[in-house]
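Please open the structure in your viewer and keep the selection panel at hand. The stops below move from the whole chain to single strands and then to one place on the surface.

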Amino acid sequence: MAKRETPLLDQLERGKWPSFVKDMKEAAEKNPMAEDLLGQLELSYKDKIGHWKHGGIVGVKGYGSGVIGRYSDRPDLFPNVQAFHTMRVNHPTGWFYKTDALRRLCDVWDKHGSGLTNMHGSTGDAILLGTTTDHIQPCFDDLTEAGYDLGGSGSALRTPSACVGPGRCEWACVDSLDICYDITMTYQDKMHRPMFPYKFKIKVSGCPNDCVASIARADFAVIGTWKGDIRIDQGEVEAYAASGLDIQKEVCDLCPTKCMEWDGKRLKIDNGDCTRCMHCINLMSKALRQGGERGATILIGGKAPILQGALLSWVIVPFMKLEPPYEELKDLILRIQDWWDEYGKSRERLGELIKRLGMRVFLRAVGLPAVPQMVKAPRTNPYVFFWPEDIKKEVK
Amino acid sequence: MSDDLKAKVLDGFRQKSMGDKKMFYIREVVRWFPDEDRQAIQTVVKELLDDEVLRYWSSGSSTYLMLAEFFPKE
């Protein structure tokens, strides 16, 4: 049992869900860092303020990211967490581990850190919580030996992440795992040597279910999609109806564009109006299959609210064929990053820059044609601002 | 050319670090030299980092650059 009294933290253990407090108490039995961490967290709840000082040391030899410096502001009370740095370890694409790989990672962390992990952080990385400054380089050396590398942090390309894709999912329209791995390996320098105005996130989802939430989180989102009609097996549709599924109520009425009709015998889809929400396919996976031609939609500008409000991504390429070596995709990424690097203010995300300068400026700079799918809110605000010279060309 | 620019960038850091401010965004460094190529400056900054004359400082979300001699001691 932990030695400290932690009445406030104890309350967190009483809820319905597994509590991190229980894990920390277990870790505290064998690691004094975890013991002091409990104490500091209890004090934070009591004082209603965080007791961490962020920032400082950022990496190991040759790297400018992957380590996040963290120090206690009460080292007098909690000397074992005076330095409690976080290490971000680049996760395997799709978060597939073999058990021996996980054991190697944990062994390294038991040797050099608090033993506490966050598997996984919202960035996707395996987050190793709490080590001291003198252990950073040896820990990195051991991680390297075990086949791991650090991920991105700070004003860098953050560790790209992808859904499980074709590894486990029948709906993957692109090989999200391979694309993510390729991008990760191609842009190692951008990830480890921060030179951007701010963070830049790339996330790859195999289908429009968007299981990595790229549309809301990534500056550059790749979302698998299809061309062509949704394929319908009417026999299976009838089987779903016979098994009790209310197709009208649960499928057609919930279609966001109302592009489906069900007459009690046959299902019809107006594919031109389909926005790829995946609701019908998710619900009747035996009856409906995506169209035959597969590729991805490229979107930009998503971000969570930090300096400015949250932004959802914006379509810039409605359909791109994605096959190795993904030259078209990587060329587009470079053009976008180059423009943002040139014009972005410090701590300005790509979406904010586009909002400030305008989509037409962005499109001209990266050499993309304006297409109807770029209208961000077509059903509520269909307006697009063209360049005056383009209007002159059209209006004669 | 690279050595000249490297010296110029290093001198820029020394000049700008004379006041209280010691940490700079890469955007600020690029702006000190409006006539120079942005990517060339980034390249020499990386060289200066390799030489351990400069160091990164990061809050976790943003990264700054500073002269190694001013890097805070623990």
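A residue is called buried here when its relative accessible area is under 20%, and exposed when that area is over 50%, with partly exposed in between. By that criterion, 50% of the 396 residues of chain A in this predicted model count as buried.

Begin with the whole of chain A, shown as a C-alpha trace, which spans about 75 × 60 × 40 Å along its principal axes. In a cartoon view of chain A, 15 helices and 15 strands are there to be picked out.

**First sheet**

Select β7, β8, β9, β14 and β15 of chain A, the 5 strands that form an open sheet in the order β7-β8-β9-β14-β15, with mixed pairing. Which strands stand at the edges of this sheet? They are β7 (161-162) and β15 of chain A, and because each has a single partner strand, one side of each is left without a neighbour in the sheet.

Zoom in on β7(A), which runs parallel to strand β8 (residues 202-205) of chain A and is joined to it by 2 bridges. Showing side chains here lets you find A:S161, which stands opposite A:K203 in β8(A).

Now move to the other edge and select residues 314-320 of chain A, which make up strand β15. Is this strand mostly covered or mostly open? Strand β15(A) is mostly covered, since 5 of its 7 residues are buried. Its pairing with strand β14 (residues 293-300) of chain A is antiparallel and extends over 4 bridges, and within β15(A) you can locate A:V315, opposite which A:L299 stands.

**Second sheet**

Next, select β2, β4, β6 and β5 of chain A, 4 strands that form an open sheet in the order β2-β4-β6-β5, with antiparallel pairing. At the edges stand β2 (67-68) and β5 (113-119) of chain A, each with a single partner strand, so one side of each is left without a neighbour in the sheet.

Select strand β4 (residues 85-89) and strand β6 (residues 126-131) of chain A, which pair in the antiparallel sense over 5 bridges. A useful marker for this pair is A:R88, which stands opposite A:I127 in β6(A).

**A charged patch**

For the last stop, select A:E261, A:D263, A:D270 and A:D273, which gather in a patch of negative charge on the surface. Of these, A:D273 lies in the loop between β12 (267-269) and α11 (279-283) of chain A. With a relative accessible area of 34%, A:D273 is partly exposed.

Definitions and conventions. Residues numbered from 1 in each chain as written. Chains lettered and ligands numbered in written order. Predicted model: local features only at pLDDT ≥ 70, side-chain atom pairs only at ≥ 80, totals over all residues. Heavy atoms only, no water. Buried < 20%, exposed > 50% of the residue type's maximum accessible area, 1.4 Å probe, protein only. Pairing = 2+ DSSP bridges. Patch = residues over 30% accessible without salt bridge, like charges linked within 9 Å, V, L, I, M, F, W, Y side chains within 5 Å. Areas by Shrake-Rupley, 256 points an atom, 1.4 Å probe, with all protein chains shown as cover. Salt bridge = Lys/Arg side-chain N within 4 Å of Asp/Glu carboxyl O. Lys, Arg positive; Asp, Glu negative; His and termini not counted. Charge placed at Lys NZ, Arg CZ, Asp CG, Glu CD.
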